[in-house]
Amino acid sequence: MVNLEVYAQVTVLPGRSIFLSRSNLSKSDKVSEGLLIPLCVFFKRSRNQSHPGQIWNMGGSASHLSKEQLSEYQELTFLTKQDILHAYRIFAELLSKDLVDFQNTRVSKDRICEMPELKANPFRERICMVFSTAIEKDGSMSFEDFLDMLSAFSDSATPEIKSHYAFRIFDFDDDGTLDKEDLKKLVNCLTGGTSDTQLTEAEMNQLIQNILEESDIDKDGTVNLSEFQHVISRSPDFVSSFKIVL
């Protein structure tokens, strides 16, 4: 059972918000000052109420977490034991049933993106690419990649961790800065890029100019991580909204 909680609001710094549904996104809302910070669309699954100390067994001797592994994962992430066990079960559901040693198996980007928790997120493919450690750079995830993703999006993750990963997700070309092309892709992701919501070239240029004027402290034409974190620090909703809830 999946309970839907939709947060379609997008904070526009400083001091304004817009809504990205077609009915609410008016022309007057499109060109705004500041940096667009998306509030996540997320879902809640019914959680198996297992005791946090229980070890999930998926039917094979290789398909369970030992107490040592569970403790290590808890120490290395912002997740509780119950969170990790729940993530373990969800990850197992993403794999073929004939796979036994799934801790050494990767789930494809397409399968991850089809998760209810990510399916409606416009940045789902970027999220996979950022958290994947696949040598092939294909966005596939190991169980530990999956835990890293959930850890960064958890309520317990620090603002520094959340802003670091948000920056990487928005850095589409992975060059360490948010340039005009990154910002354009960011805006298109948020507006959906449809004929009803897509900005005109003039509106897009004006919005990007406003973002850079607000965020580009050193005036080099891009937003670096420290500048991004400075802007994020002025958005009180960011930490609570940057989340994925299983």
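Student: Why are both Y88 and F143 called buried?

Tutor: Buried is a label for residues under 20% relative accessible area, whereas over 50% is exposed and the range in between is partly exposed (1.4 Å probe, protein chains only). Y88 falls in the buried class, and F143 does too. Before we go on: this is a predicted model, where local features need pLDDT of at least 70 and side-chain atom pairs count only at pLDDT 80 or more, while totals for chains, interfaces and linings use all residues. Numbering runs from 1 along each chain as its sequence is written, and side-chain values use heavy atoms, with hydrogens and water left out.

Student: What makes R89 buried?

Tutor: Its relative accessible area is 18%, and the cut-off is under 20%, so the label applies. R89 sits in helix α3, and its side chain is joined to that of E93 by a polar contact of 2.9 Å.

Student: Why is the 2.9 Å pair of R89 and E93 called a polar contact?

Tutor: The term needs a pair of N or O atoms within 3.5 Å; within protein, one must be able to donate a hydrogen and the other to accept it, and residues adjacent in sequence count only if both atoms are side-chain atoms. At 2.9 Å between the side chains, the pair is within 3.5 Å, so the distance test is met.

Student: How many aromatic pairs does a search of the whole structure find?

Tutor: The search gives 11. Rings of Phe, Tyr and Trp (its six-membered ring) pair if their centres lie within 6.5 Å; planes under 30 degrees apart are stacked, over 60 edge-to-face, and the rest tilted. One of these pairs is Y88 with F143, at 5.4 Å centre to centre and 90° between the planes.

Student: What does the Y88 and F143 pair tie together?

Tutor: Y88 belongs to helix α3 (residues 81–94) and F143 to helix α7 (residues 143–152), so the pair links parts 55 residues apart in sequence. As for its name, 5.4 Å is within 6.5 Å and 90° is over 60, so edge-to-face is the right class.

Student: Why is the pair of F153 and F242 called stacked?

Tutor: Its centres are 4.3 Å apart and its planes 15° apart; that angle is under 30 degrees, so the pair is stacked. F153 is in the loop between α7 and α8 (159–170), and F242 is in the segment after α12 (238–241), so this pair ties parts 89 residues apart in sequence. Both F153 and F242 are buried. Elsewhere, ring pairs join Y73, Y88, F91, F143 and F146 into a cluster.

Student: What makes T133 exposed?

Tutor: Its relative accessible area is 52%, and the threshold is over 50%, so T133 qualifies. T133 lies in the loop between α6 and α7.

Student: Which residues does T133 touch, not counting those up to four places away in sequence?

Tutor: They are R106, S140 and D145, where a contact means heavy atoms within 4.5 Å. From T133 to R106 the C-alpha atoms are 10.0 Å apart, across 27 residues in sequence. With D145, the T133 side chain makes a polar contact to the side chain at 2.9 Å.

Student: How do you know that K137 is exposed?

Tutor: K137 has a relative accessible area of 66%, which is over 50%, so the label holds. K137 is in the loop between α6 (124–131) and α7, and its phi is near 55°, positive in a residue other than glycine. K219 also has a positive phi, about 55°, although it is not a glycine. K219 is exposed at 58% and is placed in the loop between α10 (201–215) and α11 (225–232).

Student: Which element has the lowest mean pLDDT, and which the highest?

Tutor: pLDDT is the predictor's confidence in each residue, from 0 to 100. Strand β1 (residues 2–5) has the lowest mean, 30, and α6 the highest, 97. Over residues 1–34 the pLDDT is below 50, although the model gives this stretch 95 contacts beyond near neighbours in sequence. Residues 39–62 also stay under 50. The chain averages 78, and 71% of the residues score at least 70.

Student: How many helices and strands are in the protein chain?

Tutor: There are 12 helices and five strands, taken as DSSP runs numbered from the N terminus (helices H or I, at least four residues; strands E, at least two). Of the 246 residues, 47% count as buried.
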